Amino acid sequence: MSLALSLALSACGSEAPDPVPAETVDVPVAADGPKGVSLTDAQVRMPAVGGRPGSAYFMISSDEPRTITGVAVMGAGRTEMHESAMVDGVMSMKKVETVALEPGEPHAFKTGGHHVMLFDMDATIAPGGTTDLTITFDNGDKASIAAKVVGAGGMDMGDHDMAGMEH
């Protein structure tokens, strides 16, 4: 049981660095996105080991109260919203069905807090590219953004100096 929890936490990136901010995109995030919603700094982090879950991070805010009921990422077979928290000195993680947004208060989906787990990742998604990330709200509204795809350490191949590396 403790091994399973340890593996689950490592898949969530509890040991990983905070996401590197991606290019900021302001409202409208999509032509049909809800007015007053800002979705920025979206990033998909690939798993360190193939076949393991990836993760997604972003910043979101709304001018009015909203509740997120789901996050879809193109190329992920299944997604789950999770929340990490320190409980009695131990980092724990649990699946959450909804995340409430307070008006005017940015909410970070980040390592060590709310984040999205990505299961059954498509092999065509690779660091250095982008993929679509779509938020669904309880009233059916959706907001989308292009998410930068990065490697397990939060870097894409453009972040590495390939000169001098042995192949």
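Let's start with Phe 119: in this predicted model, Phe 119 has a relative accessibility of 16%, so it counts as buried, the cut-off being under 20%. Its place in the chain is strand S8, which covers residues 114–121.

Who are the neighbours of Phe 119? Leaving out residues up to four places away in sequence, Phe 119 touches Pro 53, Ala 76, Gly 77, Arg 78 and Glu 80. Thr 79 is worth a look too: 40 residues separate Thr 79 from Phe 119 along the chain, yet their C-alpha atoms are 6.1 Å apart. Arg 78 does a bit more than touch, since its charged end sits over the ring of Phe 119.

Another arginine shows up in a similar role: Arg 66 lies over the face of Phe 137. Here are the two cases side by side.

| Arginine | Ring | Distance to ring centre |
|---|---|---|
| Arg 78 | Phe 119 | 4.0 Å |
| Arg 66 | Phe 137 | 5.2 Å |

Now for rings that meet other rings. The protein has one aromatic pair. Phe 58 and Phe 109 make up this pair, and it counts as stacked because the ring planes are at 15°, where stacking asks for under 30 degrees; the ring centres lie 4.3 Å apart. Where do the two partners come from? Phe 58 belongs to strand S2 (residues 54–62) and Phe 109 to strand S7 (residues 107–109), so the pair links parts of the chain that are 51 residues apart. Both Phe 58 and Phe 109 are buried.

Let's zoom out to the whole protein. It has one helix and ten strands, and the helix comes before the strands when you read from the N terminus. Among contacts with a separation of 6 or more, 66% join residues that are 24 or more positions apart. The chain has 167 residues, and 38% of them count as buried. On the outside, about 9100 Å² is exposed, with carbon and sulfur atoms supplying 54% of that area.

How confident is the predictor? The mean pLDDT of the protein is 80, with 72% of the residues at 70 or more. Two stretches score lower than that: residues 1–11 stay under 50, and residues 13–29 are below 50 as well. In the model, residues 1–11 have nine contacts beyond four places in sequence, while residues 13–29 have 33 contacts beyond near neighbours in sequence.

How values were computed:
Residues numbered from 1 in each chain as written. Predicted model: local features only at pLDDT ≥ 70, side-chain atom pairs only at ≥ 80, totals over all residues. Heavy atoms only, no water. pLDDT = per-residue confidence, 0-100. Contact = heavy atoms within 4.5 Å. Helix = DSSP H or I, 4+ residues; strand = E, 2+ residues; numbered from the N terminus. Buried < 20%, exposed > 50% of the residue type's maximum accessible area, 1.4 Å probe, protein only. Areas by Shrake-Rupley, 256 points an atom, 1.4 Å probe, with all protein chains shown as cover. Phe/Tyr/Trp six-rings, centres within 6.5 Å; stacked < 30°, edge-to-face > 60°. Lys NZ or Arg CZ within 6 Å of the ring centre and 35° of its normal.
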